[in-house]
Amino acid sequence: MIDVRDESRTHPKPFPLQAYRHLLVLAPHPDDEVYGCGGLLALARLADIEATALVLTDGSGGSPDPVLTEQRRLESSMAADLLGYRVEFGLFADRSLRLDAALTGFLTDACARIRPDLVLVPGLDDTHPDHQATALAAIQILAREPYEADLAFYETNGGLTHVSHILDISAVAGRKREAMQCFVSQEQMLPYANRIGARDCFRAFTLGRVASAAEAFFLAPLRSQGFVGLLPALDPLFRHGHHLAAAHAQDAPLVSVLIRSIGDPLIEQAVASVLAQTYRPLEIVVVAAYGRSVLADFPHLANCPLIRQVVPERPLNRPEAANAGIDAACGRYLLFLDDDDLLLPDHLEKLVAAIRARPEASAAYTGVVVRNPAGKTLRHYAYYDITPERLLATNLLPIHAVLFDRRLIDEGSCRFDEALPRFEDWDFWLQVSQHTGFIATAGISAIYRYRDRTGLFCAPAAGSEADSPEDLRQRILRKWRECLGDAPFDASLTWHARQLDHLEQRLEACERQAAERLEACERQAAERLEACERQVAERLEACERQAAERLEAC
């Protein structure tokens with residue numbers, strides 16, 4: 001345990017403003033752009049960095065008032081002229097922003113038009129529903145591959161829980177104060193300029209004597225780190241008792257995300273990725289498979305209102321923990337998530353949409369990327385065509401790739417086989433395949449973090465300690481041959497033989513094309529070499545002739 005550490009190592013880093021060329025500030029109300037990052041906007045102007053502030057609502061306080069709306073627009077425009085950035089206005093009513101198609105569509109169009117490399121939004125700590133919705137909508141449209149812009153959270157009504165970067169605005173603090181004074185309508189209600197000026201003064205605390213004012217941000221480097229770079233910023237959602245107000249979707253079935261936990265510290269990140277989902281309503285059911293309270297071990301999780309915990313009387317193996325989660329779930333749709341894996345923000349939304357668009361189906365899946373602890377991509381489980389023949393031979397469905405309807409449990413009697421210490425998910429998907437097809441959904445929206453956690457579940461299935469992976473595979477195949485008979489296995493063998501033959505033919509064709517291209521390249525190279533040699537010989541001959549003529553002249 002370390003009891004002494006150089007505190008400078010934990011200080012926020014200088015904000016890398018010069019790394020960006022096109023900034024977009026999303027302001028839920030007129031004034032947020034200046035109160036939160038007016039200094040940054042002023043410095044961007046001095047550095048010839050293009051900046052646009054997009055003010056989303058009319059700022060009328062929820063009651064239509066054309067006079068106040070016009071005044072607040074004028075105030076933001078005056079501040080923009082003073083600080084030197086461009087301002088645009090949305091048409092949303094104050095306190096009307098929700099995480100819905102209207103807001104995300106509007107922001108998607110704005111990003112496509114402006115093409116920012118950095119988007120700034122209010123922090124997730126803020127309790128105002130418009131601020132929440134703006135931040136969550138930005139996460140939805142930016143935190144998905146390909147990552148085209150970084151995301152930064154700025155301070156508004158409250159301070160950021162996590163500050164990763166500080167920007168020294170001492171050189172433009174006076175100009176920011178002047179811009180804040182433009183908001184006369186707000187200054188009449190509260191001395192915002194004085195109080196925000198005090199906050200900026202405090203934020204300069206770690207910058208030394210020469211700094212008098214600073215702005216604080218959490219910077220999520222999505223372009224370099226992807227969704228993982230966003231995870232520390234999601235911590236406020238653990239303690240945010242009102243975040244459902246911004247994310248709630250009407251007339252949507254409840255989704256239960258089931259997490260079997262062995263006490264892995266990465267469970268906090270797994271839960272954060274669930275809280276970042278664009279789909280609502282949802283619940284998180286955590287099964288403490290290791291027999292001790294997860295919420296006691298991870299206090300942040302205890303403050304999350306979406307979590308319900310199952311603590312068994314004894315440690316559970318993998319399939320037992322899965323069944324315990326199913327029994328505790330209340331949702332119409334269920335999805336498993338291991339406590340060290342991640343979901344990208346649109347994972348649940350697109351899977352629910354896929355199932356609801358196909359009433360005859362009860363399961364949908366999508367692509368998953370596999371990464372090692374260093375973040376290196378090892379492989380992709382793409383959205384393959386999961387046919388019964390293919391599934392009978394091997395499992396291509398990571399457990400968090402599939403969302404399934406609860407009626408498979410209630411009506412189809414699908415359960416995890418508690419005698420299987422591993423590959424229990426493959427056996428479960430085989431059960432599901434007897435009742436429904438799997439709907440393929442395009443894209444990759446989940447991360448499987450590959451680590452060797454073999455044996456970490458405290459309660460292996462009885463008599464399974466000596467089973468090797470191949471032994472278990474053979475057990476599952478024998479079980480299903482007894483259940484289905486030989487015909488499906490013969491069909492699976494035939495399907496794989498045809499696929500192998502097809503792939504071999506494609507491989508031969510590719511090899512022929514490669515050989516032909518190589519031959520053509522070699523021929524072209526030889527012709528070009530021959531032409532070059534001729535040119536060199538001709539130039540050498542001309543040089544020798546010129547040298548002889550000059551020598552004769554001398």
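## The second largest pocket

Helix α7 gives the largest share of the lining of the second largest pocket, 4 residues; helices here are DSSP runs (H or I) of at least four residues, and strands (E) of at least two, numbered from the N terminus. This is a predicted model, where local features need pLDDT of at least 70 and side-chain atom pairs count only at pLDDT 80 or more, while totals for chains, interfaces and linings use all residues. Residues are numbered from 1 along each chain as its sequence is written, and side-chain values use heavy atoms, without hydrogens and water.

Let's look at who lines the pocket. The lining residues divide into 6 nonpolar, 9 polar and 7 charged (Ala, Val, Leu, Ile, Met, Phe, Trp, Tyr, Cys and Pro count as nonpolar, Asp, Glu, Lys and Arg as charged, and the others, Gly among them, as polar). A pocket is an open set of points on a 1 Å grid over the protein atoms alone, where a 1.4 Å probe fits, with protein on both sides within 12 Å along at least five of seven lines; lining residues have an atom within 4 Å of a point.

## Salt bridges

Glu155 and Arg199 meet in a salt bridge at 4.0 Å, N to O (a side-chain nitrogen of Lys or Arg within 4 Å of a carboxyl oxygen of Asp or Glu). Glu155 sits in the loop between β6 and β7 and Arg199 in α7, so the pair ties together parts 44 residues apart in sequence. Both belong to a salt-bridge network with Lys176, Asp200, Arg203 and Glu215.

Arg260 and Glu424 also pair, at 3.0 Å. Arg260 lies in strand β9 and Glu424 in helix α18, so this bridge joins parts 164 residues apart in sequence.
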